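Let's take a walk through this fold, stopping at the parts that reward a closer look. Have the viewer open and follow along.

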Amino acid sequence: MKQTLTLAFLGGAREVGRTSILLELEDINILLDCGINIGIKGENRYPISPPKNPDIAIVSHAHLDHSGYIPVIARKYGCKIYATPPTQDISEILCIDLLKIAKECNEVPPFEVKDVMALRKYFIDSSYRTPITLHENIRLMMYRSGHILGSAMIKIEADDLSILYTGDLSMRNSKTLEMADVDVGKVDILIIESTYGHSSDKHPSRQKTEQEFIKTIEKTIKRGGKILIPAFAVGRAQEVMLTLESYMRSKALTNVPIYIDGMIKKINELYRIYWFYLRPQIRRAIRYAKRNPLESKLFTIVKDRDEPVEREEPCIIISTSGMLEGGPAMFYLKELGGDPKNLICLTGYQVPGTRGRRLLDGERKIELPKGGSIEVLAEVKMFDFSAHADQPSLFRFISHLRGLKKVFCIHGEEIKVLDFSERIKKNKKIEAYAPKVGERIPIQI
């Protein structure tokens, strides 16, 4: 028997943020991710309501643009939620932090602490390459995506129809994780992220990025400045920490205090707990040498935020949030941003509308969450520590798939998803489309 399928795009289509897709099958409705849009206030911050009640939800990874609305879904529909154990634990931490930031910004969040705590009733553990039966003849398989700790690609097999949703994926090894698994079997329908899907998107080599990063930091230290690195607590912070630790240990970077603030400490504890998800080199260091580089003596956990700000000598501060949308990074921006000796290092994708994106685009008068503004005179630099695949890598991933018939390009700014889908059609001779939010597309195979 063949399944009929309709895809409903509830968010994350021709935009980055609030990713959510409903798979409407004959026997079951499956919600893939349910995030929020970090860079937008008001109605378009959240996914639109699903046209049918989801029977289950599956979360690809814990970043809020994929998981930040899950407490509402659990409260409203009471459905089972499949995710890897790291994704479950990190989602809980990030959602609680979201509530704190909402309070700082005088916003009314869509859920409460009790809704986040209730997620434990609905979460079901999923593991890579371990099949789970969701319904008669409908199976779930998760594969490593290489994006952040516990992140997964989601494959749904319904009779002879196979659908792969990539979530966010990386096609190169990072300091902490191995790249996405490309041995995923037959795929009829691919739903793929396009964050860096434009033909002009090509990441520099990680070695080049690291060298430029270290060179710029060393230059700032030499002129007596301080370095603020707003970083995503999951993934980017750990990559930055390990890079600094490596270069300082080898004496290639002047040894100055590295302060860690925000949720990063909590997330680092989860990296130790879930060490078996990490790259073999780090697994061996933690398991056998009892050395966790994320717990190096080079790092100081902030207890008093005035300490790094008031010290006269240079220092490095790594703090959440990565797009300067709240958290302690805003305190440091206010205190350090007005001094031209200082440096602000952006290390990841900046969603349109966020303070980080406005800084990256050249705006220097930045409003503060509780009113007022700051004139940013500090140097602002972007370093591509991205954990997303660029367009050549996305094509390389697609080339590994067998039996591919249709591709849906999502999770990218409109110009990027349109360019990517057109190039798939032209170069791969495969039907490709960039859906809009609210579209419901019936699939015939």
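**Cavities, a central strand and a few odd backbones**

The second largest cavity is lined by 15 residues, and those nearest its centre are Gly 146, His 147, Ser 174, Glu 239 and Ala 387. A cavity here is a set of points, on a 1 Å grid over the protein atoms alone, where a 1.4 Å probe fits but cannot get out, and lining residues have an atom within 4 Å of a point. This cavity has a volume of about 100 Å³, a volume being the space filled by probe spheres set on the points, with grid points joined across faces, edges and corners. Its lining divides into 4 nonpolar, 7 polar and 4 charged residues. For that count, Ala, Val, Leu, Ile, Met, Phe, Trp, Tyr, Cys and Pro are nonpolar, Asp, Glu, Lys and Arg are charged, and the others, Gly among them, are polar.

Before going on, keep in mind that this is a predicted model, where local features need pLDDT of at least 70, side-chain atom pairs count only at pLDDT 80 or more, and totals for chains, interfaces and linings use all residues. Residues are numbered from 1 along each chain as its sequence is written, and side-chain values use heavy atoms, with hydrogens and water left out.

How many cavities of 30 Å³ or more does a search of the whole structure find? The count is 3. The largest has a volume of about 560 Å³. It is lined by 34 residues, with Ile 38, Leu 64, Phe 232, Ser 321 and Met 323 the closest to its centre. Helix 3 (85–104) and helix 1 (64–67) each supply at least two lining residues, and helix 3 gives the most, with 4. (Helices, H or I of at least four residues, and strands, E of at least two, are DSSP runs numbered from the N terminus.) The lining of this largest cavity splits into 16 nonpolar, 10 polar and 8 charged residues.

Ser 321 also has a backbone quirk: a cis peptide bond joins Thr 320 to Ser 321, with omega about 10 degrees. Ser 321 sits in the loop between strand 15 and helix 10 (328–336).

Strand 15 (residues 316–319) runs parallel to strand 12, joined to it by 4 bridges; two strands pair if DSSP finds at least two bridges between them. In that pairing, Ile 229 stands opposite Ile 318. Strand 12 also pairs in the parallel sense with strand 16 (residues 343–346), over 2 bridges, and there Ile 227 faces Leu 343. In a regular strand the side chains alternate between the two faces of the sheet. Within strand 12 (residues 227–230), Ile 227 and Ile 229 point one way, Leu 228 and Pro 230 the other, and all are buried, that is, under 20% relative accessible area, where exposed is over 50% and partly exposed lies in between (1.4 Å probe, protein chains only).

Now go to helix 13 (residues 414–428). Its 15 residues should span 21 Å at 1.5 Å a residue, and its end C-alpha atoms are 21 Å apart, which agrees; the expected span is 1.5 Å times one less than the number of residues. Among its buried residues are Val 417, Phe 420 and Ile 424. Just after the helix, Lys 429 takes a positive phi of about 55 degrees.

Asp 159 likewise has a positive phi of about 55 degrees although it is not a glycine. Asp 159 lies in the loop between strand 9 (152–158) and strand 10 (161–165), and counts as partly exposed because its relative accessibility is 22%.

Note on methods:
1 Å grid on protein atoms, 1.4 Å probe; cavity = no way out; pocket = protein on both sides within 12 Å on 5 of 7 lines; lining within 4 Å.
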